[in-house]
Amino acid sequence: MRAFFILALIAISFVFPAEAQQVPGGVKALTVTSNADGTQDYTMTLQALAIMTSLSLIPAFVLMMTSFTRIIVVLSILRQAIGLQQSPSNQILVGVSLFLSIFIMAPVFEEMNEQALQPYLNEGATFQQTYEAAKMPLRAFMLAQTRVKDLETFVRIGGYEDKFQDPQDVPMSVLVPAFVTSELKTAFQIGFMLFIPFLILDLVVASILMAMGMMMLSPMIVSLPFKLMLFVLVDGWNLIFGTLANSFGL
């Protein structure tokens with residue numbers, strides 16, 4: 001729940017950006033107070049409203065700002081490579097991807113909890129300070145997994161070539177699509193390596209069937225038990241999960 005609350009704080013920046021101005025004569029319960037250092041504080045009523053509104057954005061942030069994308073794509077490609085259509089089911093793949101993502105992102109969430117959530121709950125930090133503190137560990141994780149080429153592409157598309165000299169200065173609106181692009185590329189690279197042994201097995205089975213004159217028999221039906229046996233003998237799930245975790249630097 002702490003992880004979802006922290007992601008809600010990140011989502012609030014898209015719902016109520018920091019540069020929002022106070023509306024003169026507005027409702028007192030929904031006011032924005034400007035501080036001397038240029039930051040702004042929101043009333044608790046407005047913060048609660050923002051958090052409740054941002055809950056609808058949590059699934060998108062879980063998909064786009066964590067390791068979930070890479071994991072679910074790799075597992076989907078693996079199922080296709082083996083030749084299974086419905087097993088494991090989509091619900092199982094999503095559940096495994098979600099909990100594996102929580103395991104991989106645990107150090108990031110713990111850092112966000114210590115630096116942002118706990119001070120905020122103890123009333124030791126303002127809402128804006130909490131958002132900035134919670135954003136830094138997540139930014140560091142995404143920057144570590146994002147290719148420079150992908151980041152440069154979205155910086156160029158957004159017209160920010162002369163505005164940012166360091167990747168640390170790139171806004172979240174640019175970093176998130178660059179991160180997702182890198183994750184998809186990495187997932188397809190891992191999926192390609194997974195496809196090769198199963199493809200070789202399919203070719204061997206198809207060649208044997210053709211040599212025996214059994215051209216009416218589908219090679220997929222014959223090769224499926226052998227692919228399952230190969231995957232089990234090499235302890236495939238352990239290798240896949242270990243490879244995915246190590247790909248994030250764990």
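## Helix H8 and its partners

Ile-200 comes out as partly exposed, with a relative accessible area of 48%. This residue belongs to helix H8, which covers residues 172-211. The model looked at here is a predicted one. Ile-200 also helps to make a nonpolar surface patch of about 840 Å². Its other members are Phe-192, Met-193, Ile-196, Val-204, Ile-208, Met-212, Met-214 and Leu-217.

Next come the charges. Side chains of opposite charge can pair when their charged atoms come close. The structure has two salt bridges. One of them joins Arg-70 to Glu-183, with the closest N and O atoms 2.5 Å apart. Arg-70 sits in helix H4 (residues 68-82) and Glu-183 in helix H8, so this pair ties together parts that are 113 residues apart in sequence. Arg-70 is buried, at 2% relative accessible area, and Glu-183 is buried too, at 0%.

The salt bridge between Lys-227 and Asp-202 has its closest N and O atoms 3.3 Å apart. Here Lys-227 lies in helix H9 (residues 219-233) and Asp-202 in helix H8, so the link runs between parts 25 residues apart in sequence. Lys-227 is buried, with a relative accessible area of 0%. For Asp-202 the value is 17%, which still counts as buried because the cut-off is under 20%.

Arg-70 turns up again in other company. Its charged end sits over the ring of Phe-248, 3.9 Å from the ring centre. Arg-70 is also touched by Thr-186, and Thr-186 touches Arg-147 as well, leaving aside residues up to four places away in sequence. Thr-186 is another resident of helix H8, and at 13% relative accessibility it is buried.

What about the rings? The structure holds five aromatic pairs. In one of these, Phe-231 and Trp-237 meet edge-to-face, 5.2 Å centre to centre and with 90° between the planes. Phe-231 is buried, at 8% relative accessible area, whereas Trp-237 is partly exposed, at 37%. Both belong to a cluster in which ring pairs link Phe-198, Phe-231, Trp-237 and Phe-241.

Finally, there is Gln-129 in helix H6, which spans residues 127-145. Gln-129 is partly exposed, with 44% relative accessible area. Ten residues separate Gln-129 from Pro-119 in sequence, and their C-alpha atoms are 9.5 Å apart in space.

Conventions:
Residues numbered from 1 in each chain as written. Predicted model: local features only at pLDDT ≥ 70, side-chain atom pairs only at ≥ 80, totals over all residues. Heavy atoms only, no water. Phe/Tyr/Trp six-rings, centres within 6.5 Å; stacked < 30°, edge-to-face > 60°. Buried < 20%, exposed > 50% of the residue type's maximum accessible area, 1.4 Å probe, protein only. Lys NZ or Arg CZ within 6 Å of the ring centre and 35° of its normal. Patch = residues over 30% accessible without salt bridge, like charges linked within 9 Å, V, L, I, M, F, W, Y side chains within 5 Å. Areas by Shrake-Rupley, 256 points an atom, 1.4 Å probe, with all protein chains shown as cover. Salt bridge = Lys/Arg side-chain N within 4 Å of Asp/Glu carboxyl O. Helix = DSSP H or I, 4+ residues; strand = E, 2+ residues; numbered from the N terminus. Contact = heavy atoms within 4.5 Å.
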